[in-house]
Amino acid sequence: LPQVLVYDLLFGKGLRCGGRWKALVWRHRARLEAELARMKVQQKVSRNEDLLVPSASTDAPQVPRYVRVNTLKTCVDDVIDFFKRQGYSYLGKAASVEDLRALSGKKFLLDLHLPELLVFPPQTDFHDNLLYTSGHIILQDKASCLPAFLLDPPAGSHIIDACAAPGNKTSHLAAILKNKGQIFAFDVDPKRVATMNTLLTRAGVTAFRLAQQDFLTVDPGDPQYRRVTYILLDPSCSGSGMVNRAPQEEAAPSAQRLQALATFQRKVLSHALRFPALRRLVYSTCSLHQEENEDVVRSVLEESGSTFRCGTTGGRSVWGHSGGTPGSALTHISHHRLVDAFPSWPCRGLAAFPGAECCLRASPTATLTHGFFVAVLERHEDRAAAPSSSPLAAEENPQHKEGMELGAARKKRKRKKQEVA
């Protein structure tokens, strides 16, 4: 607590708490400010904020400041014009990642992959900008924009955002839907749900229902979810891909923690695939660990054992499983297959199983983003005639064949009688 209060005094917006702790910190204010001034002289900086920026000599990667234009309230051209009036120079659409790497000063670009994403130099701060406070722009890392972008639901769709807080991906989904459809957003933490409600309201999102509920307790057979065809699943993870993690945070989680996280991730992914109308699902994490990424996807796809298959379809690699209900007039064979939804993305999944190259990875060095993992699963249903109704089955079943011949003979005699009459 004393460290937090010192930070608020020197770098934040002042002390807002009361009681003896505030009095204690305030009593030493002069000494703290003198020490701060001495540190700025030593580091050769003029602003307090400069002490918080990682030194160029460290190995900490620097990623650009990504700004997603909220198309529920504005458009890309208007936001570009706004920043121009604020003294920024617009350089057009980026042609490569190197263009993003070269950004400096008050210059910005349109991202080369995502059409509603603007890119500014690292450490550009927009938290007090009018466009941010009014919800016209969302400060969201490029990798975090990939899940909704790849889910790509058409307007009018019903969607589940299974682990939704703080809500940036939910607002992105609403923008893609143009607020036409329905988003069911779940999170178990009441404070995070309240924060998400504030964010979504500020962003102009209307087609959503928030629920403080563990997604694992949601019944896939509930009639209110019968039209859910798209699911975005971004479960809790180690967060090892986040560039701005505090130094004191655990950089390498223990094997036991990774195992616990992976177990939870497998459960929620398996649960999400149970929704009967599901067509497409995006699974993502901000983790670098194979245990939480490729291994989770492989494990869930292998749940059905020997019914799995691996191959290609339409020129795209797939890895999936099939399952049907024998004995019906038509057997629906359902395949959950891993598809390559973004072939132009440079970083692919680790070679943990055949087809893992369909997955996407992101990293500060290769894509100038936070570390991220994304997998896209689609349901494919094949219809096959059941044995009882197959012509081939009739040939193999003498009794069935005999019955068909008797029926044909009766119809022939009836036609002759009609002709005579």
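## A walk from Cys286 outwards

Let's start at C286, which touches C237, G239, S240, G241, M242, G371 and F372, leaving aside residues up to four places away in sequence. Keep in mind that this is a predicted model. Why begin with this cysteine? The unreviewed UniProt entry places the feature "active site" at C286. Along the chain, C286 is found in the loop between strand 10 (280–285) and helix 11 (294–301). Is C286 buried or exposed? Its relative accessibility is 17%, and buried means under 20%, so C286 counts as buried.

Now step back into strand 10, which ends at residue 285, just before that loop. Six of the six residues of strand 10 are buried, so the strand is largely enclosed by the rest of the structure. In a regular strand, side chains alternate between the two faces of the sheet. You can follow both faces here: R280, V282 and S284 are on one side, L281, Y283 and T285 are on the other, and all of them are buried. What does strand 10 pair with? Its partner is strand 9 (residues 228–233), and the two run in the parallel sense over four bridges. To find the pairing on screen, look for L233, which stands opposite Y283.

The next stop is a group of residues from the same kind of record. UniProt's unreviewed entry gives a "binding site" annotation that covers C163, A164, A165, P166, G167, N168, K169, D187, D214 and D234. Take G167 from that list: it lies in the loop between strand 6 (158–161) and helix 8 (168–177). G167 is buried, with a relative accessible area of 0%. Not counting residues up to four places away in sequence, G167 touches M196, L199 and L200.

K169, also covered by the "binding site" annotation, has its place in helix 8. Lysine or not, K169 counts as buried, because its relative accessibility is 14%. Which residues does K169 touch, if you skip those up to four places away in sequence? They are Q140, S144, P147, A148, D161, L232, D234 and F372. Two of these names should ring a bell: D234 is in the "binding site" annotation too, and F372 is among the residues that C286 touches.

Time for some aromatic rings. A pair of them is described by the distance of the centres and the angle of the planes. The count for this model comes to 19 aromatic pairs. In one of them, the rings of F120 and F126 have their centres 4.8 Å apart and their planes at 75°, so the pair is edge-to-face. F120 is buried at 0% relative accessible area, and F126 is buried at 1%. For a stacked pair, look at F215 and F275, with 5.9 Å centre to centre and 10° between the planes. This pair links distant parts of the chain, 60 residues apart: F215 is in the loop between strand 8 (208–212) and strand 9, while F275 is in the loop between helix 10 (255–272) and strand 10. Both F215 and F275 are buried.

F120 and F126 also belong to a cluster, in which ring pairs link them with F82, F83, Y88, Y90 and F108. Over the ring of Y88 sits the charged end of K106, 4.5 Å from the ring centre.

Finally, zoom out. The chain has 13 helices and 15 strands, and 44% of its 421 residues count as buried.

Key. Residues are numbered from 1 along each chain as its sequence is written. This is a predicted model: local features need pLDDT of at least 70, side-chain atom pairs count only at pLDDT 80 or more; totals for chains, interfaces and linings use all residues. Side-chain values use heavy atoms; hydrogens and water are left out. UniProt positions are given in the numbering used here, feature names are shortened, and annotations may be inferred rather than shown by experiment. Buried means under 20% relative accessible area, exposed over 50%, partly exposed in between (1.4 Å probe, protein chains only). Contact means heavy atoms within 4.5 Å. Two strands pair if DSSP finds at least two bridges between them. Rings of Phe, Tyr and Trp (its six-membered ring) pair if their centres lie within 6.5 Å; planes under 30 degrees apart count as stacked, over 60 as edge-to-face and the rest as tilted. A charge sits over a ring if NZ of Lys or CZ of Arg is within 6 Å of the ring centre and within 35 degrees of the ring normal.
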